[in-house]
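Subject: Structure handover

Hi there,

Here is the structure I promised to pass on to you. Please have a look at it first, and then read on for what turned up.

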Amino acid sequence: MNKKSFLRQYVETIVLAILAFTFIRSFVVEAYEIPTGSMIPAILIGDRLMIDKLAYRILRPSRGEIIVFKNPDGVTKIPLIKRVIALPGE
């Protein structure tokens with residue numbers, strides 16, 4: 001095997017890995033770290049969660065589930081992590 005084909009395979013593998021990582025993080029699952037104590041004692045500061053991004057494209061959240069959503073004030077970039085305690089209409 002010559003040096004050029006080895007380098008090409010190496011670069012192709014890295015590019016495919018980056019594309020796969022970007023797709024998975026954008027559409028499938030993402031990791032979050034808990035920044036505040038608003039969920040103590042269930043979730044502690046510094047705990048890490050893997051959030052499924054596909055579930056709520058198909059299903060609606062149910063009572064007791066933990067959800068992650070963008071801050072509605074639009075200023076703060078930190079996502080909010082809360083437990084669902086009521087459903088629409090309650």
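R48 is exposed, with a relative accessible area of 66%. The model is a predicted one, so please read everything below in that light. The side chain of R48 meets that of E33 in a salt bridge, with 3.7 Å from N to O. Since E33 lies in strand β1 and R48 in strand β2, the pair ties together parts that are 15 residues apart in sequence. E33 itself is partly exposed, at a relative accessible area of 46%.**More salt bridges**

A search of the whole structure gives five salt bridges. One of them joins E30 and K53, whose closest N and O atoms are 2.6 Å apart. This pair links distant parts of the chain: E30 sits in strand β1 (residues 29-33), K53 in the loop between β2 (48-52) and α2 (55-58), and 23 residues separate them. Is E30 buried or exposed? With a relative accessible area of 13%, E30 is buried, because the cut-off for that class is under 20%. Its partner K53 is partly exposed, at 25%. E30 and K53 also belong to a network of salt bridges that takes in R25.

Another salt bridge is formed by E12 and R8, with 2.9 Å between the closest N and O atoms. E12 and R8 are four residues apart in helix α1, so about one helical turn separates them. R8 is exposed, with a relative accessible area of 58%, while E12 is partly exposed, at 38%.

**A nonpolar patch**

Which residues make the nonpolar surface patch? They are L7, Y10, V11, I14, V15, L16, I18 and L19, and the patch covers about 790 Å². L16 is placed in helix α1, which runs over residues 3-27. At a relative accessible area of 58%, L16 is exposed. V15 lies in helix α1 too, and counts as partly exposed at 43% relative accessibility. If you want a distance to check in your viewer, V15 and K82 are 67 residues apart in sequence, and their C-alpha atoms are 36 Å apart in space.

**The largest pocket**

You may like this part for your own work. The largest pocket holds about 490 Å³ of space. Its lining counts 20 residues, and those closest to its centre are I51, D52, Y56, V68 and F69. As for where the lining comes from, β2, α2 and β3 (66-69) each supply at least two residues. Which element gives the largest share of the lining? That is β3, with four residues. Sorted by class, the lining has twelve nonpolar residues, seven charged ones and one polar one.

I51, among the residues closest to the centre of the pocket, is placed in strand β2. Its relative accessibility is 16%, and I51 therefore counts as buried. Between the C-alpha atoms of I51 and K70 there are 13 Å in space, with their positions 19 residues apart in sequence.

**A cis peptide bond, and the end of the chain**

Most peptide bonds are trans. In this model, the bond from I40 to P41 is cis, with omega near 10°. P41 is found in the loop between β1 and β2.

Further along, L87 belongs to the segment after β4 (80-83). L87 counts as partly exposed, at 28% relative accessibility. L87 and P61 are 26 residues apart along the chain, and their C-alpha atoms are separated by 8.2 Å.

That is what I have for you. Do write back with any questions.

Best wishes

Definitions and conventions:
Residues are numbered from 1 along each chain as its sequence is written. This is a predicted model: local features need pLDDT of at least 70, side-chain atom pairs count only at pLDDT 80 or more; totals for chains, interfaces and linings use all residues. Side-chain values use heavy atoms; hydrogens and water are left out. Patches are made of residues with over 30% relative accessible area and no salt bridge: like charges are joined within 9 Å, nonpolar side chains (Val, Leu, Ile, Met, Phe, Trp, Tyr) within 5 Å. Accessible areas come from the Shrake-Rupley method with a 1.4 Å probe; for residues, only the protein chains shown count as cover. A salt bridge is a side-chain nitrogen of Lys or Arg within 4 Å of a carboxyl oxygen of Asp or Glu. Buried means under 20% relative accessible area, exposed over 50%, partly exposed in between (1.4 Å probe, protein chains only). On a 1 Å grid over the protein atoms alone, a cavity is a set of points where a 1.4 Å probe fits but cannot get out, and a pocket is an open set with protein on both sides within 12 Å along at least five of seven lines; lining residues have an atom within 4 Å of a point. Grid points are joined across faces, edges and corners, and a volume is the space filled by probe spheres set on the points. Ala, Val, Leu, Ile, Met, Phe, Trp, Tyr, Cys and Pro count as nonpolar, Asp, Glu, Lys and Arg as charged, and the others, Gly among them, as polar.
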